[in-house]
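Here is a short report for a first look at this structure. Please view the sequence and the model together.

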Amino acid sequence: MSTTHALAHPGSAPVSLRRPRLRATLTILSLFGLLTAANLPTALYPLIGGKLNIDAFGVTIAFSSYVLSLLVGLVLFRPISERANRRTVIIAALAATAVATLALAIAPTLAWFCLARAVQGLAIAAATGTGSSALRVLLPGRPTLSGRLTLLATSGGVAAGPILGGVLSLMGPPTQTPFFVWAAILIALIPAIVLAAPRNECRPAVVQAGAAPRTVTTDTGTVIAVASSAPAIRTAALVGFVSFAFLGFCLSLAPGHFGELFGATSRPVLGLLASLVLLASAGAQLFPVRGRWAAAIALSAFAAGTLLLGLATALASPALTVVACLIAGAGQGIAFQRVFGAAVAAVPVERHAATVNTIYAVTYLGSTLPVLGLGVAASAFGLTPAVLAFTAAIALACAALAAVAFRVARADG
C-alpha cells in the first residue's frame with residue numbers, strides 16, 4: 001500500500017506501516033551517526049592544525065566550512081525535504097557523509113579539509129528535516145516526542161563526536177583512524193535501512209490543494225491553531241542561535257582553550273571537556289520537562305553556567321569549568337527542548353520538515369558568525385581574553401531571552 005495520500009487530519013499516518021519501531025530506531029541511529037561524523041574532528045583540531053599548518057583562525061575556518069554548507073543546504077533542501085522519498089534522502093546522506101569522512105582522513109591541505117566538511121554539511125542538511133519528518137510519520141499523533149527524539153539524536157551525535165574522535169585516535173594514526181572507522185559504520189547502516197524500510201512507504205504525504213489543516217493536536221491533546229506557530233518558530237530559532245553560538249565554541253576552539261588553560265594533552269580528555277556541555281544537554285533531553293516556567297528557568301541556568309565558565313577561565317579552575325559546563329549544558333538542553341518541541345508541535349505534519357529546516361538554518365548561523373568572530377579575536381588578542389568576552393556576550397543574550405520567557409509565562413498564567 002502506498003503512503004501517498006491526502007491528510008485527513010494533522011499527525012495522521014497510514015496504519016499499514018511495516019516495522020515502524022525498527023525504522024524509527026534506524027532513523028535515530030542515522031541522525032546520530034551523521035552528526036557524530038561531523039564532530040569527530042573536535043578533539044583532533046590541535047593535531048589537525050599542526051598537520052595542515054593552521055592557527056586558531058584556520059581551525060574556525062575548518063569548522064565554519066561545515067556550518068556554512070549546512071546553512072546553504074538547509075535553505076536549498078527546504079522544499080525538497082517535503083517531496084523527496086525519505087529513504088532515498090537518508091541513504092544518500094549516509095553515503096555522501098561516509099565518503100566525505102574518508103576524505104578528512106587523507107586531507108593534505110586546509111582547502112581539501114574544508115571541501116570534505118562542506119560535503120558533510122550538505123548531506124546532514126538534507127537528512128535533518130527528512131529524518132525528523134520520518135519520525136513524525138512513524139510516531140503518529142506524538143509530534144512532541146518526535147521533536148524530542150530528533151533533538152536527542154542530533155545533540156547526542158554532536159556530544160559523542162568529540163569523545164569518540166579522541167578515543168578512536170588512540171587506536172591508530174590519530175588524524176586518520178577515527179574517520180576510517182566511522183565511515184565504515186555509516187556505510188553499514190545503508191543495507192539495514194534498505195531491508196527495513198519499503199521504499200513506497202517512505203514517500204512524503206501529498207496534501208490536496210486548499211486542504212491544509214488549520215490546527216494541530218499536541219501529545220497532550222492540546223489543539224493549537226496553525227496561525228499561532230510563527231511566534232513559537234521564532235522563539236525556537238532565537239534560542240537555537242544563542243545555543244549553537246556557545247556549542248560552536250565547544251566544538252572548535254574549546255579543546256585548544258582547555259589545553260592551553262590546564263596544560264591538558266590527552267585527546268580523550270580534551271574531547272570529554274569539549275563535550276561536557278553537549279553531554280549535559282543531551283542528558284537533559286532524555287526527560288520531558290513540563291511547566292510554563294521551564295524554558296525561562298532553563299535559560300537562566302544557561303546564562304549562569306556561561307558566566308561561571310568565564311569565571312573558571314579567569315581563575316584557571318578545572319573543577320569550576322566542569323561545573324559550569326554541566327549547568328550551561330543542562331540549561332541549554334531543557335530550554336531548546338521546550339521551545340523546539342513547541343514549534344514542531346504547532347505545525348501540521350506536511351510542514352514538519354520545512355519547519356525543522358527553518359529553525360536549524362537560524363540555529364546553525366549561531367555556530368558560524370559568532371565563532372568566526374571569536375577566532376578573529378583569539379588571533380588578535382589571545383584565546384583566553386577572547387573566551388572571556390565571548391562567554392559574557394552569550395550570558396547576556398541568554399539573560400535577555402530568559403526575561404522574555406518569564407514575561408510570556410506570566411502572561412500565560
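How many salt bridges does the count come to? It comes to two in this predicted model.

One of them joins Arg18 to Glu201. Their closest N and O atoms are 2.9 Å apart. Arg18 sits in the segment before H1, and Glu201 in the loop between helix H7 (177-196) and strand S1 (215-217), so the salt bridge ties together parts that lie 183 residues apart in sequence.

Next comes a helix pair. Helix H1 (residues 20-39) and helix H5 (residues 110-138) have axes that come within 10 Å. The axes cross at roughly 155 degrees. Angles over 145 count as roughly antiparallel, so H1 is roughly antiparallel to H5. Their crossing is left-handed.

Which residues meet here? On the H1 side they include Pro20, Arg23, Thr27, Leu31 and Ala38. On the H5 side they include Arg117, Gln120, Ile124, Gly131 and Leu138. The residues of this contact divide into 13 nonpolar, five polar and two charged.

Confidence comes last. The chain averages a pLDDT of 83. Of the residues, 90% score at least 70. Two stretches have a pLDDT below 50, and the table gives their contacts beyond near neighbours in sequence.

| Stretch | pLDDT | Contacts in the model |
|---|---|---|
| Residues 1-15 | below 50 | 34 contacts |
| Residues 207-227 | below 50 | 43 contacts |

Technical notes. Residues numbered from 1 in each chain as written. Predicted model: local features only at pLDDT ≥ 70, side-chain atom pairs only at ≥ 80, totals over all residues. Heavy atoms only, no water. pLDDT = per-residue confidence, 0-100. Contact = heavy atoms within 4.5 Å. Axes fitted to C-alpha atoms, helices over the stretch in contact; angles between N-to-C directions. Helix = DSSP H or I, 4+ residues; strand = E, 2+ residues; numbered from the N terminus. Parallel < 35°, antiparallel > 145°, perpendicular 65-115°, else oblique. Left-handed = near helix turned anticlockwise from the far one by under 90°. Nonpolar A, V, L, I, M, F, W, Y, C, P; charged D, E, K, R; others polar. Salt bridge = Lys/Arg side-chain N within 4 Å of Asp/Glu carboxyl O.
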